[in-house]
Amino acid sequence: MTDFENPYEAEPIATPFEDASREEGDPSGTQWQDEQRLLAAQAERAWCQVDARSVTLGRITGWIMTLVLLSVLGVALGSLAIATWRVGWMGVGVGVGGGVLALVLIWFAQGWPAMRYRYLHYRLGPLGFEIRRGVLWRRQITVPLSRVQHTDVSQGPLERRLGLGRLVVYTAGTQFASVELAGLAFAEAEQLRDALVTSGEVSDGV
Amino acid sequence: MASEQPEGPDGAETRGLQVPGECAATEAGDGHAGTDTAGFKKASVSEAPIEAKLIRVADARKALQGPRRLHPSSILFGVLATVRQFAVAAILAVFLASSGNRAALVAAGLALVLTAATAVFRYFTLRYRLSEGELRINEGLIFRRHRTIPMARIQNIDLVQNPIHRWFHVAEVSIETAGGSEPEAKLRVLGLEDVALLRAAIFGEEEADSEVNAVGGTDRSAGMQGGDDLTSVESGAGAIVSAASKGPSGRGGSRRGATPGHLVHATTAAQLLHAGLISNRGLLVIPVALGLGSQLDLERYILDFAKVSRYLPQDYTWQEATLWGAVAFAVLLVLFKLLSVGWYFWRFFGHRVERHGDDLRVSCGLFTRVSATVPRRRIQFISVQQTWLSRWVGLAVIRLETAGGAGASAEDAKQSVARRWFMPVIAQHEVARVLAELRPGLEFEPDQLVWRATSPATARRLTRLAVLRAIALGGAGCLHSWQLGLAVGTAALIWFVYFARRYAKSLKFATTEHWVVFRSGILTRKISLTFYDKIQSVATLQSPFDRRWKMSTLQIDTAAAGPAQHQIAVKYLPREVAEQEADRVAWQASRHQIDQQNI
C-alpha cells in the first residue's frame with residue numbers, strides 16, 4: 001500500500017530534462033525516437049503570420065476608438081482647463097497630462113496593431129494547430145488535431161471590406177474552449193478550416 | 001484505455017467519426033461525447049429470468065406509449081420547492097406580519113396561491129410518453145414546450161429523494177444524456193413504479209441476440225429489478241437508490257447475466273465525524289447569522305451598549321474577564337465544529353461508491369438521498385487533496401471532474417456529489433486502491449514517479465517578491481508609527497520569505513506513459529492527474545516578469561474544469577523545459593485518441 005504522505009516529505013530530485021530514458025514502458029527507446037522525429041518535423045514547419053492587412057484593420061478600429069476617447073478627453077480637459085485658468089501651474093499640469101494621454105491613445109491606435117501583428121504566428125503541423133500570440137503576456141497554445149471539435153470562420157463588416165476572416169477553433173476544454181485567430185485572409189481562413197476539420201478524421205491513434 | 005483497440009465486431013465503429021452513418025446520430029455540437037451511443041450493442045434478453053416483480057420490456061413500452069402524467073403529489077412538491085427558494089422572504093413576511101404589517105402577509109399568501117396554481121397547472125398539462133424511440137415531454141398550455149429525447153441518447157436516470165418523497169413513494173427524476181451540461185429533462189415527481197417502467201423501457205432490449213454484454217446485463221437487470229431496488233431505499237440509509245445507466249458496449253467479455261457491482265468505498269460515520277472536526281464548514285454559518293441579524297434589526301439591540309451592559313455581569317476583574325472570554329471562545333469553537341460535523345452528516349451520511357462495469361454509482365445523504373452515476377470514461381481529471389489537518393490525521397478528499405458537467409457553476413447536489421465531493425473523506429492509504437477503480441490501469445504511486453521541479457531561480461524570484469511585499473506592508477504600518485511599521489515589516493519579511501521558499505519547492509509535475517500529474521500547495525496539498533486522452537489543449541504562458549527570469553508557465557486544459565478547484569498550471573518552469581514539455585504533452589495527447597466511448 002502506498003504511503004500517500006511520501007511525495008511531500010521526501011525531496012525528489014529533479015531529473016535532467018534531456019534524460020530520454022525516463023520514458024516508462026519503452027525500454028528500446030523507439031517511442032522516444034518517434035517523438036523526436038515528430039517534434040523535429042514539427043519544428044521544421046515555418047511559423048506563418050496572418051495577413052498584413054490585419055494591421056490596417058486594427059488601426060481603423062483603434063482610430064475609431066481613439067477619436068471617440070480623444071473627444072471625450074478634450075471636452076473633459078477643456079472644461080478643467082477653463083476652471084483652473086487662474087492657477088497657472090495647474091493648467092499647465094492638466095495640459096501636459098492631457099497631452100501625454102493623447103499621445104498614448106494615438107500610439108495605441110497606430111502602433112499597437114503593428115506590434116500585435118508582429119507577435120502573432122500560427123502553424124499547422126503534425127503535432128497540431130499552434131498559435132503564438134501576445135506582446136507582453138506571450139502565450140503559445142497547441143491544439144492537437146484530434147481535439148478540434150468544430151471551427152468557425154466569421155467576418156465582421158470591416159473584415160469583409162478588407163477581405164479578411166477570423167478563424168475560431170473550438171475544443172472541449174474549459175480555459176481554451178475556443179481559440180481565435182483573427183486577421184487571416186478569408187480564403188486562407190477557409191483553407192485552414194478545411195484542413196482542421198478533415199485532419200481530425202484522418203489522424204488515428206496508434 | 002484509449003490507445004487500445006476495442007475488440008469485438010464493433011471495432012470499426014468505435015474508432016472515430018470516420019463512419020458516415022455514425023455522425024447522423026451525433027448531437028450537433030456535442031463534440032466530445034461523440035457518437036457514444038450509436039455504436040452500442042444493446043443487451044439481449046435471450047432468457048428472461050422468471051420473477052414476479054419483473055417488468056417485461058414490451059409491457060413497459062406499451063404502458064408508456066399513452067401519454068402519462070406526473071404523480072399527483074408533484075403539486076405539493078412544486079409548492080415546496082418554491083417555498084424553499086423563497087424561504088428567507090417567507091420568514092421575513094411572517095416576522096413583518098407578526099408586527100402588525102398585514103400587507104406582507106397578504107403578499108405572501110398571494111405568492112403561495114400563485115405557486116400552487118402553477119404547480120397544479122403543470123401537473124395537468126405535462127404529459128410524457130415514449131413513442132418511436134423517443135421520450136417526449138410536453139408541457140404548458142399557452143407557452144408550450146416540447147422536449148424530445150431519443151432513447152438511445154439517454155445515459156442515466158438519476159433520482160433524488162428526501163424524506164417527504166420517500167413517504168409518498170416518489171422521486172425527483174433527472175434524465176441525463178451524454179453530452180449535455182445539465183440534465184436534459186427533470187421530472188418532478190414521478191412515482192417509483194413509473195420510474196421502474198421508464199427504466200425498463202429505456203434500458204431494456206427485446207431483440208434476441210446470442211451475446212449478452214456484461215454491462216448491458218447490468219442495465220437490463222437494473223431496469224428489470226427497478227421495483228426491487230427502489231423499494232429497498234426505505235429500508236435503510238445505506239441502500240443505494242439505483243441509478244440505471246447505459247454503459248459502453250462492444251468491449252469487455254460476454255458474461256451472461258447481470259454484472260455484480262462491487263463496493264469501491266463506503267464512508268463510515270467515524271470518518272465523517274473526523275472530516276467534520278477538521279474542516280471549517282461551520283464557519284459558513286457566520287454570514288448567514290449576519291444576514292439574519294441585519295434582517296431582524298438585531299444590531300439595534302446589540303449595539304445599544306447601555307442596554308446590553310445591564311445584562312452582563314458587573315464587577316469582573318480582567319483575569320475573570322479573560323477567562324470568560326476564553327470560555328466563550330471555546331464554546332463558539334465547539335459550536336462551529338458541531339455545525340461542521342452536522343453538515344458532513346447531512347450531506348454524506350451512508351456515502352457509498354459502487355462500481356458496476358464501467359459505471360460508478362455514488363449515493364449519500366441523511367435526509368435527502370442523492371444518487372448519481374459517473375461513467376468512468378467521462379472522468380477527465382482526478383484530484384486528491386489534503387489540508388494540513390487532514391494530513392495530520394491521515395485523511396484525504398478525492399475530487400473529480402467529469403465531462404458533461406457545467407464546470408463549477410450551477411452545481412446541484414447530485415452533480416456535486418459526482419464531482420467536487422466524490423469522496424468527501426477517505427483514508428490516506430485507501431487512495432491508491434480507489435483511484436485504481438476510477439480508471440483501468442491507474443496505479444497511483446506518487447513516490448515512484450519521476451518528479452520535475454520548477455526552475456532553480458524560483459526561490460530567488462519568490463524571495464524577492466516576498467521582500468517587496470514585506471516592505472509594502474511595513475510601509476503601510478509606518479503610516480501609523482515607524483515602530484509599528486518596523487515590527488510589521490520584519491514579521492512579514494520572515495513569514496513571506498519562509499513561505500516563498502516552501503512554495504517554490506512545492507510545485508512539481510510528472511508525466512508517465514498515460515497521464516500527467518501535478519502537485520502544489522503548502523498547507524493544503526493538492527495532487528491532481530489527468531490522462532493524455534482527456535487533454536484538450538496545451539499552452540505556455542510567459543508574463544513580462546517570466547521573461548526576465550527566463551521562466552514560463554505550462555497549462556494543460558481539460559474539459560469541464562472547475563469542481564476540483566485545481567488545475568494543471570505549472571508555474572516557474574524554465575522556458576525551454578516548458579516549451580519542450582508542452583510539445584511532448586501535445587504529442588502524447590494526439591497519440592492517445594479520444595476513444596469512441598471516451599469523451
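**Exercise 1. Leu290(B) and its surroundings**

Task: In this predicted model, is Leu290(B) buried or exposed, and which surface patch is Leu290(B) part of?

Solution:
- Step 1: Start with the cut-off: a residue is called exposed when its relative accessible area is over 50%.
- Step 2: Leu290(B) has 60% relative accessibility, so it counts as exposed.
- Step 3: Now place it on the chain. Leu290(B) sits in helix α11 of chain B.
- Step 4: Look at the company it keeps. Leu290(B) belongs to a nonpolar surface patch, together with Leu283(B), Val285(B), Ile286(B), Val288(B), Leu332(B), Leu335(B) and Leu339(B); the patch has about 670 Å² of accessible area in total.
- Step 5: Two elements of chain B each give two or more residues to this patch, namely α11 (285-295) and α14 (318-348). The largest share, 4 residues, is from α11(B).

**Exercise 2. A strand with both faces covered**

Task: Which residues of β15(B) lie on each side, and are they buried or exposed?

Solution:
- Step 1: Recall the rule for regular strands: side chains alternate between the two faces of the sheet.
- Step 2: Apply it to strand β15 (residues 508-511) of chain B: Lys508(B) and Ala510(B) are on one side, Phe509(B) and Thr511(B) on the other, and all of them are buried.
- Step 3: Check the strands that pair with it. Strand β14 (residues 452-453) of chain B runs antiparallel to β15(B) and is joined to it by 2 bridges; here Arg452(B) faces Phe509(B).
- Step 4: With strand β16 (residues 515-520) of chain B, β15(B) makes 4 bridges, also in the antiparallel sense. Lys508(B) has Arg519(B) of β16(B) as its bridge partner.
- Step 5: Follow the chain from β15(B) to β16(B) and you get a hairpin, with 3 residues between the two strands.

**Exercise 3. A sheet built from two chains**

Task: What is the strand order of the open sheet of 7 strands, and why is one side of each edge strand left without a neighbour?

Solution:
- Step 1: Read off the order: β1(A)-β2(A)-β3(A)-β4(A)-β18(B)-β19(B)-β20(B), with antiparallel pairing.
- Step 2: Find the edges. β1 (48-49) of chain A and β20 (569-574) of chain B each have a single partner strand, so one side of each has no neighbour in the sheet.
- Step 3: Look for the place where the chains meet. Strand β4 (residues 138-143) of chain A and strand β18 (residues 535-542) of chain B are antiparallel and share 5 bridges. Arg139(A) is opposite Leu541(B) there.
- Step 4: Add the helix. Helix α21 (residues 575-591) of chain B packs on the sheet and touches β3 and β4 of chain A as well as β18, β19 and β20 of chain B; its direction makes about 170° with that of β18(B).

**Exercise 4. Backbone oddities**

Task: Which residues have a positive phi without being glycine, and where is there a cis peptide bond?

Solution:
- Step 1: Know the usual pattern: most residues other than glycine have a negative phi, and most peptide bonds are trans.
- Step 2: Lys550(B) has a positive phi of about 60°. It is in the loop between α20 (544-549) and β19 of chain B, and at 57% relative accessible area it is exposed.
- Step 3: Ala560(B) has a positive phi of about 50°. This one is in the loop between β19 and β20 of chain B, and with a relative accessible area of 15% it is buried.
- Step 4: The cis peptide bond joins Arg188(B) and Val189(B), with omega about -10°. Val189(B) is in strand β6 (residues 185-191) of chain B.

Terms used:
Residues numbered from 1 in each chain as written. Chains lettered and ligands numbered in written order. Predicted model: local features only at pLDDT ≥ 70, side-chain atom pairs only at ≥ 80, totals over all residues. Heavy atoms only, no water. Patch = residues over 30% accessible without salt bridge, like charges linked within 9 Å, V, L, I, M, F, W, Y side chains within 5 Å. Areas by Shrake-Rupley, 256 points an atom, 1.4 Å probe, with all protein chains shown as cover. Salt bridge = Lys/Arg side-chain N within 4 Å of Asp/Glu carboxyl O. Buried < 20%, exposed > 50% of the residue type's maximum accessible area, 1.4 Å probe, protein only. Pairing = 2+ DSSP bridges. Contact = heavy atoms within 4.5 Å. Axes fitted to C-alpha atoms, helices over the stretch in contact; angles between N-to-C directions.
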